[in-house]
There are 2 protein chains.
Amino acid sequence: MLPELDPDMFDPLCPSSALPIQIGDKWTGMIVLCLEHGRRRFNEIKVPLRGITSKVLSETLRAMERDGLVVRTAYPENPPRVEYELTPLGRTLLTLIDAARTWSRAHLPTLLDARQAYEAGLTGQPVPPVTSPDR
Amino acid sequence: MLPELDPDMFDPLCPSSALPIQIGDKWTGMIVLCLEHGRRRFNEIKVPLRGITSKVLSETLRAMERDGLVVRTAYPENPPRVEYELTPLGRTLLTLIDAARTWSRAHLPTLLDARQAYEAGLTGQPVPPVTSPDR
DNA sequence: CTGGATCCACGCCGATACTG
DNA sequence: CAGTATCGGCGTGGATCCAG
């Protein structure tokens, strides 16, 4: 069977929120990553998505289903079981996510440095020089 | 001198708003594209950005300056003149925008088809089959 | 377990008016 | 020309409760 999702697969301390690239809405990119290695159940996806509510998760998944990014399979059991899986179209987003990650590794520190320098400049604090690949 | 920006460089009928990829906030990606071929003045950028208000444009530009994506140069003249230019860091976003465009050419029609089929399904209308690279 | 239904807080951003 | 100031709508998404 598929290994379980790492609850910490999205490090809350990772500054990805500063990333100038976004895949879909707030959660879509992370959901794609959750489904990367195979189908997952609703509550399984929910775990790494620290604090997403059921409402928002089901809304996001339905929007993704509507756009043909995932397929939803409901089993008429009790308790109910529903599984989500990436479509080939959904899988094409993985390459974009990868591009975003590559960019982020190469350039996000530079952006963060610039932001910090800018804000220090506003408060009149002199800023120690930084060395980054760009700039 | 640099040729003027095409007022229609962002076709309002282009379904790019359905794109599941976004660079920065709502306008950042388009601003980067406006600055691709050289420095531009405030009102010059404003033209292709159909309907952006001065307030939002200056806010967006200041955020981009803060993040080290553009440099702002003000000339102490009258009337005032201000120019914006991409930094090397800002230029790195061009490759990402290109990746998004490539994805869009290859897969956005599929996504739009799926969306249309989904919504037709909701209204009980049968949907004529479509042929797209994915799915 | 997998959501739907409601209510609400917040932030983006557009409209409008004004300024150096 | 290049902004700033202020107001407000509207949509996203969080909290909470409820249901099959």
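Strands and helices here are DSSP runs, numbered from the N terminus, a strand having at least two residues and a helix at least four. The structure above is a predicted model.

**Exercise 1. The proline in the loop**

Task: Find where B:Pro79 lies in chain B, and state which peptide bond joins this residue to B:Asn78.

Solution.
Step 1. Locate the strands β3 (70-75) and β4 (81-86) of chain B; B:Pro79 lies in the loop between them.
Step 2. Look at the bond between B:Asn78 and B:Pro79: it is a cis peptide bond, with omega about 0 degrees.
Step 3. Turn to chain A. A:Asn78 and A:Pro79 are likewise joined by a cis peptide bond, omega being about 0 degrees. A:Pro79 sits in the loop between β3 (70-75) and β4 (81-86) of chain A.
Step 4. Describe the connection. In chain B, β3(B) and β4(B) make a hairpin with five residues between them. In chain A, a hairpin leads from β3(A) to β4(A) through five residues.

**Exercise 2. The sheet within each chain**

Task: Give the strand order of the open sheet in chain A and explain why β2 and β3 of chain A each have one side without a neighbour in the sheet.

Solution.
Step 1. Write down the order. The open sheet of chain A has three strands in the order β2-β4-β3, with antiparallel pairing.
Step 2. Read off the edges. β2 (40-41) and β3 of chain A are at the edges and have a single partner strand each, so one side of each is left without a neighbour in the sheet.
Step 3. Follow the pairing of β3(A) with β4(A), which is antiparallel and has six bridges. Residue pairs show the register: A:Arg72 has A:Tyr84 of β4(A) as its bridge partner, and A:Ala74 is opposite A:Val82 in β4(A).
Step 4. Follow the pairing of β2(A) with β4(A), which is antiparallel over two bridges. Here A:Arg41 is opposite A:Glu83 in β4(A).
Step 5. Recall how such pairing is made: strands of a sheet pair through backbone hydrogen bonds, either parallel or antiparallel.
Step 6. Repeat for chain B. Its three strands form an open sheet in the order β2-β4-β3, again with antiparallel pairing. β2 (40-41) and β3 of chain B are the edge strands with a single partner each, so one side of each lacks a neighbour in the sheet. Six bridges link β3(B) and β4(B) in the antiparallel sense. B:Val70 is opposite B:Leu86 in β4(B), and B:Ala74 is opposite B:Val82 in β4(B).

**Exercise 3. The interface**

Task: Describe the contact between chain A and chain B, and say which element gives the largest share of the side of chain A that touches chain B.

Solution.
Step 1. Count the residues. 27 residues of chain A are in contact with 27 residues of chain B.
Step 2. Give the area. About 2,400 Å² is buried between chain A and chain B, and carbon and sulfur atoms give 68% of this.
Step 3. List the polar links. Two salt bridges are found across the interface. In one, B:Arg115 pairs with A:Asp67, and the closest N and O atoms are 2.7 Å apart. Nine residue pairs across the interface are in polar contact, both residues at pLDDT 80 or more.
Step 4. Name the elements. β1 (21-23), α3 (54-66) and α4 (88-122) of chain A give two or more residues each to the side that touches chain B. The largest share, 14 residues, comes from α4(A).
Step 5. Sort the residues of that side of chain A: 13 are nonpolar, six polar and eight charged.
Step 6. Examine the strands that meet. β1(A) pairs with strand β1 (residues 21-23) of chain B in the antiparallel sense over three bridges. A:Ile21 has B:Ile23 of β1(B) as its bridge partner.

**Exercise 4. The relation between the copies**

Task: State what turn and what shift lay chain A on chain B, and how the two copies are thus related.

Solution.
Step 1. Take the general case: two copies of a chain are related by a rotation about an axis and a shift along it.
Step 2. Insert the values. A turn of 180 degrees and a shift of 0.0 Å along the axis lay chain A on chain B with an RMSD of 0.1 Å.
Step 3. Draw the conclusion: the two copies are therefore related as by a two-fold rotation axis.
Step 4. Place the axis. The C-alpha of A:Gln22 is the one in chain A nearest the axis, at 2.5 Å from it.
Step 5. Compare the contact surfaces. The same surface serves both copies, as 96% of the contact residues of chain A recur in chain B.

Terms used:
Residues are numbered from 1 along each chain as its sequence is written. Chains are lettered from A and ligands numbered from 1 in the order in which they are written. This is a predicted model: local features need pLDDT of at least 70, side-chain atom pairs count only at pLDDT 80 or more; totals for chains, interfaces and linings use all residues. Side-chain values use heavy atoms; hydrogens and water are left out. Contact means heavy atoms within 4.5 Å. Buried area is the accessible area (1.4 Å probe) that two parts lose on being put together, summed over both. A salt bridge is a side-chain nitrogen of Lys or Arg within 4 Å of a carboxyl oxygen of Asp or Glu. A polar contact is a pair of N or O atoms within 3.5 Å; within protein, one must be able to donate a hydrogen and the other to accept it, and residues adjacent in sequence count only if both atoms are side-chain atoms. Ala, Val, Leu, Ile, Met, Phe, Trp, Tyr, Cys and Pro count as nonpolar, Asp, Glu, Lys and Arg as charged, and the others, Gly among them, as polar. Two strands pair if DSSP finds at least two bridges between them. Copies are superposed by least squares on the C-alpha atoms of residues with pLDDT of at least 70 in both.
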